[in-house]
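Colleague: Could you take a close look at the sheet in this model and the helix that packs on it, and then carry the description on to the ligand?

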Amino acid sequence: MEVKATKKLHRLVVGITGASGAILGIRLLELLRGTEIETHLVLSPAARATILQETDRKISEVQSLADVHYRHGDIGAAIASGSFVTLGMVIVPCSIKTLSAVANSYADDLLSRAADVTLKEGRPLLLVVRETPLHRGHLRLMDLAARSGAVIFPPVPAFYLHPSSVSEMVDHTVTRILLRMGIQIDGLEEWTGGGS
Ligand SMILES: Cc1cc2nc3c(=O)[nH]c(=O)nc-3n(C[C@H](O)[C@H](O)[C@H](O)COP(=O)(O)O)c2cc1C
């Protein structure tokens, strides 16, 4: 049998939803610019609101950080099909509403459809779920999504690197998200031991 070799695909789907922490998604896109990772972005309508509320970025600026961006309602876009091969998908930040859509395969828009496709194709899906405190229904949804293969990755700051600014904390969280996806960004600090 003839096997055709194809070029390596390094596409990463990135969803930004309307949970607090829009900067996490923005920073992730910034760190991937100029790397061999091709980013495919979908913003939810609520994400547009949080970006404007929480940052000084224009929506068009955020979109231009990605290699390709899609309309939230474009359920026929490339990333809605499993035949469009990707490394996986990160939803950062991920609202409880979108967590619910993913957990229940309620693929009513491109963002949740792309997430469902990622799971059905057995590719990594990271949900950077941001809400606090969490009631039992939230925990149940996280469990449901995790049972389908999603990784629940709350953006919990680490203090052992002695961050001196919010941007350092953001970078640390984003670096960990990317590492969990198997992507290492050069020059960003890693823990090499120490302590007691
Ligand atoms: C400023 C702001 C902050 C919000 N923060 C959160 C949050 O941290 N977590 C969350 O689940 N929803 C949060 N919400 C509510 C979501 O935006 C809302 O549930 C929305 O319907 C989510 O839709 P999406 O998942 O399609 O983006 C916030 C809304 C606003 C306006």
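**The sheet, a helix across it, and the ligand**

Modeller: In this predicted model, helix H5, residues 110-120, lies across strand E1 (11-16), E2, E3, strand E4 (88-94) and strand E5 (125-129), and runs at about 135 degrees to E4. The sheet itself is open and is formed by six strands in the order E3-E2-E1-E4-E5-E6, with parallel pairing. Strand E3 (68-70) and strand E6 (151-152) stand at its edges, and because each has a single partner strand, one side of each is left without a neighbour in the sheet. For E3 that partnership can be followed in detail: strand E2, residues 38-43, pairs with E3 in the parallel sense over three bridges, and His40 has Val68 in E3 as its bridge partner.

Turning to the ligand, 14 residues surround it, the closest being Gly18, Ser44, Ser95, Thr98 and Arg130. By class, this shell has three nonpolar, eight polar and three charged residues, and helix H2 (45-54) and helix H4 (96-103) each supply at least two residues of it. Oxygen atoms of the ligand take part in polar contacts with both backbone and side chain: one oxygen atom is 2.7 Å from a polar backbone atom of Gly18, an oxygen atom is 3.0 Å from a polar backbone atom of Ser20, and an oxygen atom is 2.8 Å from an N or O atom in the side chain of Lys97. Taken alone, the ligand exposes 640 Å², of which the protein buries 68%.

Notes: Residues are numbered from 1 along each chain as its sequence is written. This is a predicted model: local features need pLDDT of at least 70, side-chain atom pairs count only at pLDDT 80 or more; totals for chains, interfaces and linings use all residues. Side-chain values use heavy atoms; hydrogens and water are left out. A residue is near a molecule or strand if one of its heavy atoms lies within 4 Å of it. A polar contact is a pair of N or O atoms within 3.5 Å; within protein, one must be able to donate a hydrogen and the other to accept it, and residues adjacent in sequence count only if both atoms are side-chain atoms. Accessible areas come from the Shrake-Rupley method with a 1.4 Å probe; for residues, only the protein chains shown count as cover. Helices (H or I, at least four residues) and strands (E, at least two) are DSSP runs, numbered from the N terminus. Ala, Val, Leu, Ile, Met, Phe, Trp, Tyr, Cys and Pro count as nonpolar, Asp, Glu, Lys and Arg as charged, and the others, Gly among them, as polar. Two strands pair if DSSP finds at least two bridges between them. Contact means heavy atoms within 4.5 Å. Axes are lines fitted to C-alpha atoms, for helices over the stretch in contact, and angles run from 0 to 180 degrees between N-to-C directions.
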